[in-house]
Each structure stands twice: as structure tokens, then as C-alpha cells.
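Please open the model in a viewer and keep the sequence at hand. The tour proceeds from one selection to the next.

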Amino acid sequence: PLIKDFVPLADLKNLVFTGWDIFPDSCYQAALKAGVLEPSLLSQVKDFLEEIRPLPAVFERKFVKNLNGPNVKRGKTKMDLAKQLMEDMQAFQQKTGAARLVVIWCGSTEAYLKPGPVHRSLAAFEKGLRASDPQSPPSMIYAYAALKLGIPFANGAPNLTTDIPALR
């Protein structure tokens with residue numbers, strides 16, 4: 001059976017998309033470059049994907065050494081970056097009228113990170129964000145921003161991200 005036959009799913013025409021990326025390319029251009037799907041499949045949704053331009057991303061090269069791009073957020077602290085992400089999420093919801101949001105991490109796999117003291121509690125994590133703790137990678141900043149706003153967050157990469165007490 002089809003999932004839609006036993007789970008109430010939103011119709012595709014009722015979904016709206018945005019995202020963040022370190023490259024300013026449209027989603028179509030980015031997908032072509034990344035080779036995530038065959039060009040013949042991408043061409044079927046080219047017009048739709050061409051319309052989606054990424055917001056500046058939270059990025060720290062230390063965690064993804066093989067990439068570097070110009071479309072990145074700037075802030076004095078990692079907490080400033082988290083607040084910028086929260087503002088992006090709220091502005092997108094207001095602009096589109098979306099009833100609810102879901103954030104899905106589809107970024108590159110980050111360098112291995114062993115859990116540390118900053119990950120033990122929400123208070124420790126927030127203190128770490130204000131101090132730009134080096135153990136707070138971008139994926140955790142996105143997760144924190146979404147969860148702080150009550151937005152579901154799904155991790156689509158094998159990063160530590162939400163597998164820490166602070167974000168559970």
C-alpha cells in the first residue's frame with residue numbers, strides 16, 4: 001500500500017521549501033553539481049528547484065575541510081548565529097504562511113566529534129554557544145535553533161548533532 005493511503009500527508013502543492021547553503025547556487029544548480037540525482041530526474045523538477053535560493057549558512061571549515069563557500073553567516077558568537085537561524089525560520093514561516101515547519105539537516109558529514117562537557121546539559125550548551133565553544137559544530141547550532149523554537153529537527157547525516165543530552 002502507498003503511505004498516503006494510511007497516513008494523512010500534506011499534498012505536495014501545500015509544501016514550501018527553503019534552506020541554507022554555503023554556495024549561492026539555486027537548488028537545481030547545487031543538485032547538479034553535487035550529483036545527488038541523475039540529470040534526467042533533476043530536469044523534471046528544474047523549474048521548481050531553480051526558484052529556491054539558499055539563505056546564508058552557518059559554516060565552520062574545521063568540521064568540513066573539503067568545502068568552502070562565500071554564502072555564510074557572520075556573528076560575534078555561535079549564539080549570534082543560532083539567533084540568526086531562528087530569525088530565518090520565523091521570517092520564512094511568516095512570509096509563506098506555513099502552519100508548521102520541519103528542519104532537516106542535509107549538510108555534509110562533519111568531522112568526528114567526541115561528546116564533551118559542553119554537551120552535557122542545555123545550560124552548558126547555551127553557555128558554550130555564547131562563548132563560541134569549538135565543540136559546537138554547525139549541525140548542532142541548526143538543531144538548537146530549531147528545537148528552541150519548538151520545530152522538529154531531523155538529522156540526515158551521521159553527525160553527533162542531536163545525540164547529546166543538551167539537545168535531547
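Begin by selecting K148, which is partly exposed at 46% relative accessibility. In the terms used here, buried means under 20% relative accessible area, exposed over 50%, and partly exposed in between (1.4 Å probe, protein chains only). The model is a predicted one, in which local features need pLDDT of at least 70 and side-chain atom pairs count only at pLDDT 80 or more, while totals for chains, interfaces and linings use all residues. Residues are numbered from 1 along each chain as its sequence is written, and side-chain values use heavy atoms, with hydrogens and water left out.

**From K148 to E126**

Add E126 to the selection: its side chain and that of K148 form a salt bridge, 3.0 Å from N to O. A salt bridge is here a side-chain nitrogen of Lys or Arg within 4 Å of a carboxyl oxygen of Asp or Glu. K148 belongs to helix α6 and E126 to helix α5 (residues 122-130), so the bridge ties together parts that are 22 residues apart in sequence. Helices (H or I, at least four residues) and strands (E, at least two) are DSSP runs, numbered from the N terminus. Unlike K148, which is partly exposed, E126 is buried, at 15% relative accessibility.

**Helix α6 and its surroundings**

Next, colour the whole of α6 by accessibility. How many of its eleven residues are buried? Nine of them are, and the helix is mostly covered. The buried residues are P138, S139, M140, I141, Y142, A143, Y144, A145 and A146. Display the elements around them: the cover includes β1, α4, β3 (103-105), α5 and β4 (153-155). Just after α6, stop at G150, which takes a positive phi of about 80°.

Now move to S136, in the loop between α5 and α6. S136 is buried, with a relative accessible area of 0%. Apart from neighbours within four places in sequence, S136 is in contact (heavy atoms within 4.5 Å) with E60, K78, V118, F125, L129 and I141.

**Two salt bridges that involve α4**

Among the contacts of S136 are E60 and K78; select these two next. Their side chains meet in a salt bridge of 2.9 Å, N to O. The pair links distant parts of the chain, with E60 in the loop between β2 (55-56) and α4 (78-96), K78 in helix α4, and their positions 18 residues apart in sequence. E60 is partly exposed, at a relative accessible area of 23%, whereas K78 is buried at 7%.

Then select K73 and D88, whose closest N and O atoms are 2.7 Å apart in a further salt bridge. K73 lies in the loop between β2 and α4 and D88 in helix α4, so this pair ties together parts that are 15 residues apart in sequence. Both K73 and D88 are buried. Over the whole structure, a search finds four salt bridges.

**Aromatic pairs**

Turn to the rings: a search of the whole structure finds four aromatic pairs. Rings of Phe, Tyr and Trp (its six-membered ring) pair if their centres lie within 6.5 Å; planes under 30 degrees apart count as stacked, over 60 as edge-to-face and the rest as tilted.

Show F17 and F48 for one of these pairs. The ring centres of F17 and F48 are 5.8 Å apart and the planes stand at 85°, so the pair is edge-to-face. F17 is in the segment before β1 (20-21) and F48 in helix α3 (residues 46-50), so that the pair, 31 residues apart, links distant parts of the chain. Relative accessible area is 42% for F17 and 45% for F48; F17 is partly exposed, and F48 is partly exposed too.

Continue to W20 and Y142, whose ring centres lie 5.1 Å apart with planes at 70°, so this pair is edge-to-face. W20 is in strand β1 and Y142 in helix α6 (residues 138-148), and the pair links distant parts of the chain, 122 residues apart. Is each ring's residue buried or partly exposed? W20 is partly exposed, at 21%, while Y142 is buried, at 5%. Add W105 to the selection: ring pairs link W20, W105 and Y142 into a cluster.

**Last stop: a surface patch**

Return to F17 and F48, and display the surface together with L12, L15 and V45. These five residues make a nonpolar surface patch of about 470 Å². Patches consist of residues with over 30% relative accessible area and no salt bridge, with like charges joined within 9 Å and nonpolar side chains (Val, Leu, Ile, Met, Phe, Trp, Tyr) within 5 Å. Accessible areas come from the Shrake-Rupley method with a 1.4 Å probe; for residues, only the protein chains shown count as cover.
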